[in-house]
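Reader: Can you walk me through this one? I'd like to start with what sits inside.

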Amino acid sequence: MAPSSYFLLAVLLALVAYQANASDPSPLQDFCVADKHSPVKVNGFVCKDPMAVNADDFFKAANLDKPMDTKDSKVGSVVTLINVMQLPGLNTLGISLARIDYAPLGENPPHTHPRATEILTVLEGTLYVGFVTSNPNNTLFAKVLNKGDVFVFPQGLIHFQFNPIHDKPAVAIAALSSQNPGAITIANAVFGSKPPISDDVLAKAFQVEKGTIDWLQAQFWENNHN
C-alpha cells in the first residue's frame, strides 16, 4: 500500500474514532453506577463496585407527577432535571429526563444543551417552541404544540418554549441524550457571567449603547432549574 493510502486510512480511522467519542461513551458492561465519592477524576464518573450496587441506585422518588410552584420564577417556569447527579444508575447510559412546568405566559428562555439532543412532549396545555440553526442562516424552526404533541431540538442549537395562554399553565416532559446534558441559558451567560464580560465587547456585539448593557448586567439572571 502506498504511503498516501496509509495516510488516508489513518485520517479515516481518526475521524471514525472522533465520531465514536463525540457524545456520551457507550457502555462496555451491563451498567456502571456512578461512584460520586471516588477521588478518581474521569470524563463522567468511575463505576461503583458492582457487588455494592442495589436497586436504589437505579431509582429516585422524584415526584414528577406533582406540579412545581412557578410563582417565584421571574421567567415563569421551573425545570426539574433528573440526570446522573440525582440518579447514579444513569452513568454511561446516555440519557436523562426533565419535567418543565410553565406558568401562564411563562417560558423556558432561549438556551442550549451542549451535550444532548432533546425530545419534548406536552402533557398539559399549549406551548410555542422553536430552535434556531447555526450561522450564517440562523433559521428559526417553530411550532405551536398542544397536549400530546412532540418536538425535537437538535444538540447544541439554541431553543426555547413559551406558554402563550394567559390563564392556563402548561407541563412538558423532555428526554435528553446525555447523562449530563448541561444547559447554557443565553441571557444568563452573556449578561450574568462572573466576572462580567466587558460592556465594550457587548455593546459592539449587540450594536447598543454601553448604558443598555450596564443595565442588563445589573439585572438578576435567574436559573430556573430546580
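**Inside the fold**

Author: Sure. The model is predicted. Its largest nonpolar core has 18 residues, and those with the most contacts inside it are Y102, L120 and L127.

Reader: Which strands each supply at least two residues of this core?

Author: β2, β4, β5, β7 and β9 (170–176) do. The largest share comes from β9, with four residues.

Reader: And what does the second, separate core include?

Author: That core has six residues. Among them are V190, F191, I213 and L216.

Reader: Let's take β7. Which of its side chains are buried?

Author: F151 and F153 are. They point to one face of the strand, which covers residues 150–153. V150 and V152 point to the other face and are not buried.

Reader: Why the switching back and forth?

Author: In a regular strand the side chains alternate between the two faces of the sheet.

Reader: How many bridges join β4 to β7?

Author: Four, and the two strands run antiparallel. β4 covers residues 118–124. L120 stands opposite F151 in β7. L120 is also one of the residues with the most contacts inside the largest core.

Reader: New topic: rings. How many aromatic pairs are there?

Author: A search of the whole structure finds seven. Take F31 and F58: their ring centres are 5.5 Å apart and their planes are at 75°, so the pair is edge-to-face.

Reader: Where are those two in the chain?

Author: F31 and F58 are both in the loop between α1 (3–20) and β1 (77–82), 27 residues apart. F31 is partly exposed, at 30% relative accessible area. F58 is partly exposed too, at 39%.

Reader: What about Y128 and F160?

Author: Their centres are 5.5 Å apart, with planes at 50°, so this pair is tilted. Y128 lies in β5 (residues 126–132) and F160 in β8 (residues 158–162), so the pair ties together parts 32 residues apart in sequence.

Reader: Is F160 buried or exposed?

Author: F160 is buried, with a relative accessible area of 15%. Its partner Y128 is partly exposed, at 30%.

Reader: Which residues form the aromatic cluster?

Author: F131, F141, F151 and F153 form one cluster. Two of these names came up in β7: F151 and F153, on its buried face.

Reader: Now charges. How many salt bridges?

Author: The count comes to six. One of them joins R99 to D101, with the closest N and O atoms 2.8 Å apart.

Reader: Where is R99, and is it buried or exposed?

Author: R99 is in strand β2, residues 96–102. At 6% relative accessibility, R99 counts as buried. D101 is buried as well, at 4%.

Reader: Why does 6% count as buried?

Author: Because buried means under 20% relative accessible area, and R99 is at 6%.

Reader: What else does R99 touch?

Author: Leaving out residues up to four places away in sequence, its contacts include L64, D65, K66, V78, T80 and I173. D65 and K66 form a salt bridge with each other, at 3.1 Å between the closest N and O atoms.

Reader: Are D65 and K66 buried or exposed?

Author: D65 is exposed, at 57% relative accessibility. K66 is partly exposed, at 45%.

Reader: One last bridge: what does D57 pair with?

Author: D57 forms a salt bridge with K48, and the closest N and O atoms are 3.1 Å apart. D57 counts as buried at 10%, while K48 is partly exposed at 24%.

Key. Residues are numbered from 1 along each chain as its sequence is written. This is a predicted model: local features need pLDDT of at least 70, side-chain atom pairs count only at pLDDT 80 or more; totals for chains, interfaces and linings use all residues. Side-chain values use heavy atoms; hydrogens and water are left out. Buried means under 20% relative accessible area, exposed over 50%, partly exposed in between (1.4 Å probe, protein chains only). Two strands pair if DSSP finds at least two bridges between them. Contact means heavy atoms within 4.5 Å. Rings of Phe, Tyr and Trp (its six-membered ring) pair if their centres lie within 6.5 Å; planes under 30 degrees apart count as stacked, over 60 as edge-to-face and the rest as tilted. A nonpolar core is a set of buried Ala, Val, Leu, Ile, Met, Phe, Trp, Tyr and Cys residues joined through side-chain atoms within 4.5 Å. A salt bridge is a side-chain nitrogen of Lys or Arg within 4 Å of a carboxyl oxygen of Asp or Glu.
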